[in-house]
Amino acid sequence: MLSTSHTSDYSKSTVMEKVDEHKLYTDLLYRYQYMCKFMNFDENDVKLIHASSKPLAPRVPLIVDAIYEKLFSFSSTKRIFYRERMKHDLHMDIGKETLESYDDDKPQGGMRKLSLKLYIMRLISKPYNGEMLVELDRMGNLHRTIKVELIHVQVLMAYIQDVIVGELFRYKKLGTREALNFDAESTARAFCKLLAIQNQFISRYYEDPVSQCGHGPKQSWCTVL
């Protein structure tokens, strides 16, 4: 696990920790560890996230379907998929297939859904080590590469968080012995912290480090794993 432990929620520290603010914009691992410390994201949170695989794993296909239904219910996000289809599908007849009529029932749509399923499964099953750090960073680079505006990615991450938290409490309400013993509240808090970290890995690709307190130079990110 790449993060560090914390003592208790809302604890008051008597010693100010010195932060190298330049490294926040030049050292990926340092930035991640800073976020973990600030948000108290630690091994206990990872254990809770991994334990959530019991209720979440069987529901991942439904979660992904809900996410894509939401994405296709707004022109601002649906057009991104339509644009990518136009770019890569040489046989697409734009005279017949408009933004309104376009659906994601195509091979590309299936691959995108599979990619999202695998991403969620990694979050709830894989170790939080250097490979996970690469995965979190890949999500940011992916959306910036295809020129998705930041506002759309951020509302997407907020919706994913809402769906996952909803699934945790849905499971809790099943009333079985296992469900009643499931700590939905603490697990929801762990996911909120994790997805906030993921959001930062995304938004960093849209930042100009020079504008962030003068730390830079521009696009000075380097991967330190």
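Helices whose axes meet at angles over 145 degrees count as roughly antiparallel. In this predicted model, helix α8 (residues 150–172) and helix α10 (residues 184–203) pack at an angle of about 165°, and α8 and α10 are therefore roughly antiparallel to each other. The structure also holds 9 salt bridges, some of which are described below.

**Packing of α8 and α10**

- The axes of α8 and α10 lie 10 Å apart, and the crossing of these two helices is right-handed.
- Residues of α8 that take part in the contact include Leu 150, Val 153, Met 157 and Ile 164, while α10 contributes, among them, Ala 184, Phe 191, Leu 195 and Ile 202.
- Sorted by class, the contact of α8 with α10 has 13 nonpolar, 6 polar and 2 charged residues.

**Salt bridges between buried residues**

- Lys 193 and Asp 45 join their side chains in a salt bridge (3.1 Å, N to O); Lys 193 lies in helix α10 and Asp 45 in helix α2 (residues 43–51), so the pair ties together parts that are 148 residues apart in sequence.
- Both Lys 193 and Asp 45 are buried.
- Asp 137 and Arg 204 form a salt bridge whose closest N and O atoms are 2.5 Å apart, and it links helix α7 with the segment after α10.
- Asp 137 and Arg 204 are both buried.

**A salt bridge between partly exposed residues, and a network**

- Glu 149, in the loop between α7 (130–145) and α8, forms a salt bridge with Arg 79, which lies in helix α5 (residues 75–88).
- Glu 149 is partly exposed at 33% relative accessibility, and Arg 79 is partly exposed with a relative accessible area of 29%.
- Arg 59, Glu 167 and Arg 170 are joined into one network by salt bridges that share partners.

Terms used:
Residues numbered from 1 in each chain as written. Predicted model: local features only at pLDDT ≥ 70, side-chain atom pairs only at ≥ 80, totals over all residues. Heavy atoms only, no water. Axes fitted to C-alpha atoms, helices over the stretch in contact; angles between N-to-C directions. Helix = DSSP H or I, 4+ residues; strand = E, 2+ residues; numbered from the N terminus. Parallel < 35°, antiparallel > 145°, perpendicular 65-115°, else oblique. Left-handed = near helix turned anticlockwise from the far one by under 90°. Contact = heavy atoms within 4.5 Å. Nonpolar A, V, L, I, M, F, W, Y, C, P; charged D, E, K, R; others polar. Salt bridge = Lys/Arg side-chain N within 4 Å of Asp/Glu carboxyl O. Buried < 20%, exposed > 50% of the residue type's maximum accessible area, 1.4 Å probe, protein only.
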